[in-house]
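Me: Could you take a close look at one part of this structure for me? I would like to see how a single strand sits among its neighbours, and then a little of what lies elsewhere in the chain.

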Amino acid sequence: MQSGLYIVGTPIGNLSDLSPRAVEVLKNVDIIAAEDTRVFGKIASHFDIKTRRVSCHEHNEREVIGDLIERIVGGASVAVVSDAGMPGISDPGFRIVRAARDANLPVFVVPGPTAVISALVLSGFPTDRFTFCGFFDDKKLRDDNRIRHTIVYYESPNRVKTTIAAIARVMPERKIAIVREITKIHEETIIGYPADLLNIDPPRGEIVLVVAPAPEHKMSDAEISEIVNDVAMNSTKGAAADLAARTGISKKEAYKRLLARDGEK
């Protein structure tokens, strides 16, 4: 192997997604710096990779990087892998790449699956412009709503319903895609307005949330009235949530419009 740093993408669920080139690199480098050597051990065992492994994770990254860079300067080849997907994408990796660049050392990439891109494509939302915001942060949601194109978040399954409720409050008019267990047996994509997804069974497994772009124009009163008639078959409370989600008006305003419609009968 040529001396240098190799950034290697690993599967996000299905081991068959590890490329032949990735296997070759991982077998032939001098050292593999793994986010969790036990997690990578499953891949190593499956593909008979016997290369020496060292731990390089969020808590020891700064200490380990210096030694790895010294080894590359001395002629070694080092591969970096995260627990799943591409290193550096909400995982350790970018600091060692930066250190290698600062030292004018060769850096190579061996592409692999990423949950961000996979979920984005599965959503069916526009992909020409998108922003990845990492793990969802409720405190930043109103600022995120200023991003008018597609947004992608990571989220844990135990928080996803709370997150959907937050999006329903701040971005009611924007559809969301809940993409879970990408490449695994139970892969699933659930799409709808956030108000429509509040009562779904809590999704399990690895979750990616994709938020559709904001509507290009504000609905006219005539357009809203058409939707009022469409949703009014439900209970007033349920219809108000549906109307708010589909038009972008507040639930309070939606409730008033429904009551006004009932009063006209």
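Reply: Happy to help; what follows starts with the strand S8 and its surroundings and then moves outward to other places in the chain. Please keep in mind that this is a predicted model.

Let's begin with S8, which covers residues 176-180. How many of the residues of S8 are buried? The count is 5 of its 5 residues, and the strand is mostly covered. The cover is found on both faces: Ile176, Ile178 and Arg180 are buried on one side, while Ala177 and Val179 are buried on the other. Arg180 may catch your eye among these names, and it is listed on the side of Ile176 and Ile178.

Next come the strands that pair with S8. One partner is S9, residues 188-192, joined to S8 by 5 bridges in an antiparallel arrangement. Within that pairing, Ala177 has Ile191 of S9 as its bridge partner. Another partner is S10, again antiparallel to S8 and again joined by 5 bridges. Here you can look at Arg180, which stands opposite Ile207 in S10. Strand S10 itself spans residues 207-211.

S8 also has a part in covering a helix. Helix H7 runs over residues 160-170, and its buried residues are Val160, Thr163, Ile164, Ala166, Ile167, Ala168 and Val170. What covers these buried residues of H7? The cover includes strand S8 together with helix H6 (141-144), strand S7 (150-155) and strand S10. As general background, an α-helix has 3.6 residues a turn, so residues three or four places apart point the same way. On H7 you can also find Arg169, and this residue is exposed because its relative accessible area is 56%, over the 50% cut-off. The C-alpha atom of Arg169 is separated by 9.6 Å from that of Ala244, although the two residues are 75 residues apart along the chain.

From here we can visit strand S4, which spans residues 77-81. Ser77 has its place in this strand, and it counts as buried because its relative accessibility is 1%, under the 20% cut-off. Leaving out residues up to four places away in sequence, Ser77 touches several residues, including Met1, Tyr6, Val29 and Ile31.

Just beyond S4, Ser82 lies in the loop that leads from this strand to helix H4 (94-102). Is Ser82 buried or exposed? It is buried, with a relative accessible area of 4%. The side chain of Ser82 reaches the backbone oxygen of Gly85 at 3.4 Å. With neighbours within four places in sequence set aside, the contacts of Ser82 are Thr10, Glu35, Pro87 and Asp91.

For a contrast with the buried places, turn to the surface. Ile117, Val121 and Phe130 form a nonpolar patch there, and together they have about 260 Å² of accessible area. Val121 belongs to helix H5, residues 115-123, and it is exposed, with a relative accessible area of 57%.

Finally, here is the wider setting. The protein chain has 10 helices and 10 strands, and 46% of its 265 residues are buried. Among contacts with a separation of 6 or more, 64% are between residues 24 or more positions apart. The chain exposes about 14,200 Å², with carbon and sulfur atoms supplying 49% of that area.

How values were computed
Residues are numbered from 1 along each chain as its sequence is written. This is a predicted model: local features need pLDDT of at least 70, side-chain atom pairs count only at pLDDT 80 or more; totals for chains, interfaces and linings use all residues. Side-chain values use heavy atoms; hydrogens and water are left out. Helices (H or I, at least four residues) and strands (E, at least two) are DSSP runs, numbered from the N terminus. Buried means under 20% relative accessible area, exposed over 50%, partly exposed in between (1.4 Å probe, protein chains only). A polar contact is a pair of N or O atoms within 3.5 Å; within protein, one must be able to donate a hydrogen and the other to accept it, and residues adjacent in sequence count only if both atoms are side-chain atoms. Contact means heavy atoms within 4.5 Å. Patches are made of residues with over 30% relative accessible area and no salt bridge: like charges are joined within 9 Å, nonpolar side chains (Val, Leu, Ile, Met, Phe, Trp, Tyr) within 5 Å. Accessible areas come from the Shrake-Rupley method with a 1.4 Å probe; for residues, only the protein chains shown count as cover. A salt bridge is a side-chain nitrogen of Lys or Arg within 4 Å of a carboxyl oxygen of Asp or Glu. Two strands pair if DSSP finds at least two bridges between them.
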